Amino acid sequence: NQSMELSRALPYAYACRPERTALIIIDMQNDFCAPGGFGERLGNDITPTRSIIPVISDVLAAARTAGMMVIHTREGHLADLSDCPPSKLARSKKQGAGIGDPGPMGRILVRGEKGHDIVPELTPAAGETIIDKPGKGAFYQTNLQEKLEEKKIESLILCGVTTHVCVHTTLREANDRGYECLVLEDATAAFDPADHQAAIRMVWQQGGIFGWTAVSSVFIEGLR
Ligand code: TIU
């Protein structure tokens, strides 16, 4: 029940109890991180989302060694797209990357397709929780909250993609539910670095309006 204190977090020191903390790795899927995926087809440069894979790999190894709860999320839809709002579907088609359309890794953003899979370097281990979500936030239309309550989780360490979209939406949902959240700034990325920077800065406003940020090494060293 010992508390871990990270004095080098921003906007000030972050404390959590590792056995009441979960690492949540958001949407590190081929569709956002691999050539030919949804992200690239939307016209984005995927270099930033690929570059964090080794960083997350180190964070994941540290969390596993510490016995921390690990959660992986995937954004995607049922094969019949019945869980995809017509607005989201229409806008994706307008961008030339229609959800459900065929692509080099199968149907875009559809469960069970290669594009929907988590990148091989970050494959979930047996016993880790996988949350399939139709939206940007990991709580919306999922059983994430139930899973966290089962393990009495009170704090969340967030990483993954993209910082300003799925990471931020999940961060905001979690913050409203009372979780103490830490975003790992070098283990999150956006296609445009300016979006990433803005999303990180927003966390610190008003004395940590959404929680805290830190670089991964601070978290990894804190666990040792
Ligand atoms: N996972 C996630 O962030 N989904 C997105 O659609 N991100 C974009 O930046 N578009």
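Author: Let's start with a term: a residue is buried if 20 or more other C-beta atoms, placed from the backbone, lie within 10 Å of its own, exposed if 12 or fewer, and partly exposed in between. Strands (E, at least two residues) are DSSP runs, numbered from the N terminus. This is a predicted model: local features need pLDDT of at least 70, side-chain atom pairs count only at pLDDT 80 or more, and totals for chains, interfaces and linings use all residues. Residues are numbered from 1 along each chain as its sequence is written.

Reader: How many residues of strand 3 are buried?

Author: Strand 3 covers residues 21-26. Thr21, Leu23 and Ile25 point one way, Ala22, Ile24 and Ile26 the other way, and all are buried. For strand 3, then, the tally is six of six.

Reader: Which residue in strand 8 stands opposite leucine 23?

Author: Two strands pair if DSSP finds at least two bridges between them. Strand 3 and strand 8 (residues 155-161) run parallel, joined by six bridges. Across from leucine 23 in strand 8 is isoleucine 157.

Reader: And what is the bridge partner of isoleucine 25 in strand 4?

Author: Strand 4 (residues 69-75) also runs parallel to strand 3, with five bridges between them. Isoleucine 25 has as its partner there histidine 72.

Reader: Which strand gives the most to the largest nonpolar core?

Author: A nonpolar core is a set of buried Ala, Val, Leu, Ile, Met, Phe, Trp, Tyr and Cys residues joined through C-beta atoms within 7 Å. The largest has 60 residues, and Leu23, Ile24, Leu158, Leu182 and Leu184 touch the most other members. With six residues, the top contributor to this core is strand 9 (residues 180-189).

Terms used: Helices (H or I, at least four residues) and strands (E, at least two) are DSSP runs, numbered from the N terminus.
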